[in-house]
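Please look over the model below before reading my note. Keep the sequence at hand as you go.

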Amino acid sequence: MPSSEGSVHIIGAGIAGLAAAVRLSGTRKVVVHEATAVAGGRCRSYRDPVTGMLIDNGTHLVLSGNRAVLDYARTIGGAATLDELGADFAFIDLATQARWVLRLNNGMFPWWVFAKNRRVPGTKASDYLPLARLIWSSDDKPLKEVIDCSGPLYQRLLEPLFLAALNIKPREGSTKLASAVVRETLALGGQACHPLIAREGLGKAFVEPALAWLNQRGVTVAFEHGLHKLQFEGDRIGALVFANETVPLGSADQVILAVPAYAAQKFLPGLTAPSSFCGIVNAHFRIAPPADAPTMIGVINAMSEWIFTFDGRIAVTISDAGQWFDTPREMLAQDIWREVAAVLKMPADLPPWQLVRERRATFAATPEENAKRPGPVTQWHNLFLAGDWTDTGLPATLESAVRSGNNAADAIGAATRAAA
Ligand SMILES: Cc1cc2nc3c(=O)[nH]c(=O)nc-3n(C[C@H](O)[C@H](O)[C@H](O)COP(=O)(O)OP(=O)(O)OC[C@H]3O[C@@H](n4cnc5c(N)ncnc54)[C@H](O)[C@@H]3O)c2cc1C
């Protein structure tokens, strides 16, 4: 390892920080500093004491078009725990009880649009043409100014797709981000839209194998080692201040700040970054789903948005869920279960449950907030930024987090080469 190149200190062991560490390990001495006792940040599994189940803070959906996150999972050895489903999406409209399955074909040419039994019921092939306008849309506006946010195609496909990907009511969402989602998934055909689900939990797919992989390569991950302050020295960071020690930085040492946007702004006053956030609620129920239940089902005209079925467990995701954060927990669990019971035709008695409410799950994916995202390079020549909120061109997702970590690692490589 070329010690003349100095060390890289990565602040934050979320997926962005871990991805940066994976990319840099073997080329540099890397140390990761994590404030909490666990890695994974907003993508984590834990043993829930109430239900006794291993649950994720939120069921994370990755699509086969998310190349960076899949490369990362393959590199660390976590990909084998991801279950890849076909590009068949089951839906139910709770208002009308209509059920259908959207069946995308694998190739690039979307002939599913021309097949009545594969496309969204109530739509015709020409309804899909505005998607092309969306893909090539260049300036950023709220989605409602670019596509018609009404009618069956919107309500039954675009709204659930963009709500899940952007975590904001799609009408207000950024057209640029929605367009990037379509370009990297739907527009590439069903082969880019296969859902991958971490059946054994997010930890086993994205976090634990990364820690083992990094450990084998001599990367230290220091837990409960939260950064308190950056010490500035002209155009560089001179030292990292932690609770019990100050780590001086040598002239060749570099830092990647891979913390959430609000934490980065605390360390870097004046940093332009997203400052408005949207929440996600996840409900977990300890009960075996019916044998014929699909692995995932989209729910329209309901509070529940996606229902996922696992062995002995059912999980529900509600995006942009700010309106449910003040509802008493038991009442919310009961209301969600009522919908699950209706969808899966199960008894109405509430099974053992747990709710996870993440208030700042993602930055608000509006055009205004999207415009505030900085790139990896800062005005301090040894400080770089990573995190799903940095400018990756994607909404705040695992794909964005991994790409941001890769971008920061590549920017470090470029800066090191330029200084040599
Ligand atoms: C409920 C929920 C559901 C989601 N669903 C999906 C999904 O279906 N598909 C998808 O692709 N994405 C999903 N996401 C988004 C995805 O989880 C995030 O985009 C991704 O995990 C962000 O990773 P990150 O490393 O950028 O940030 P974080 O995960 O926030 O990591 C930042 C890390 O920095 C640490 N830290 C903070 N301050 C300090 C400090 N001072 N010193 C040291 N360390 C510090 C934190 O403890 C944390 O570990 C979901 C998110 C949530 C919350």
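The points below cover the domains, the ligand shell and one helix of this predicted model.

1. Start with the domains. The assignment splits the chain into domain 1 and domain 2. Domain 1 is made of three stretches, 3–43, 203–275 and 374–419. Domain 2 is the single stretch 88–193.

2. Now see how the domains meet. Their C-alpha centres are 35 Å apart. Contact involves four residues of domain 1 and five residues of domain 2. On the domain 1 side, two of the touching residues are nonpolar, two are polar and none is charged.

3. Turn to the ligand. Around the ligand lie 38 residues. Those that come nearest are Gly-12, Gly-14, Gly-41, Gly-58 and Thr-397. Sorted by class, the shell holds 18 nonpolar, 15 polar and five charged residues.

4. Which elements give two or more residues to this shell? They are helices H1 (15–24) and H10 (398–419), together with strands E5 (61–63), E15 (277–285) and E19 (353–363). H10 gives the largest share, with four residues.

5. Look next at helix H6, residues 202–216. From first C-alpha to last, its 15 residues reach 21 Å, close to the expected 21 Å. Yet H6 has a kink of about 30° at Glu-208. The proline Pro-209 follows shortly after the kink.

6. Is Glu-208 buried or exposed? Glu-208 is buried, and so is Pro-209. Other buried residues of H6 include Leu-202, Phe-206, Val-207 and Leu-214. Just after the helix, Gly-218 has a positive phi of about 80°.

Key: Residues numbered from 1 in each chain as written. Predicted model: local features only at pLDDT ≥ 70, side-chain atom pairs only at ≥ 80, totals over all residues. Domains from an automatic or database assignment. Contact = placed C-beta atoms within 7 Å. Nonpolar A, V, L, I, M, F, W, Y, C, P; charged D, E, K, R; others polar. Near = placed C-beta within 6 Å. Expected span 1.5 Å × (residues − 1). Bend = angle between axes of the 7 residues up to and from the residue. Buried ≥ 20, exposed ≤ 12 C-beta atoms within 10 Å, placed from the backbone.
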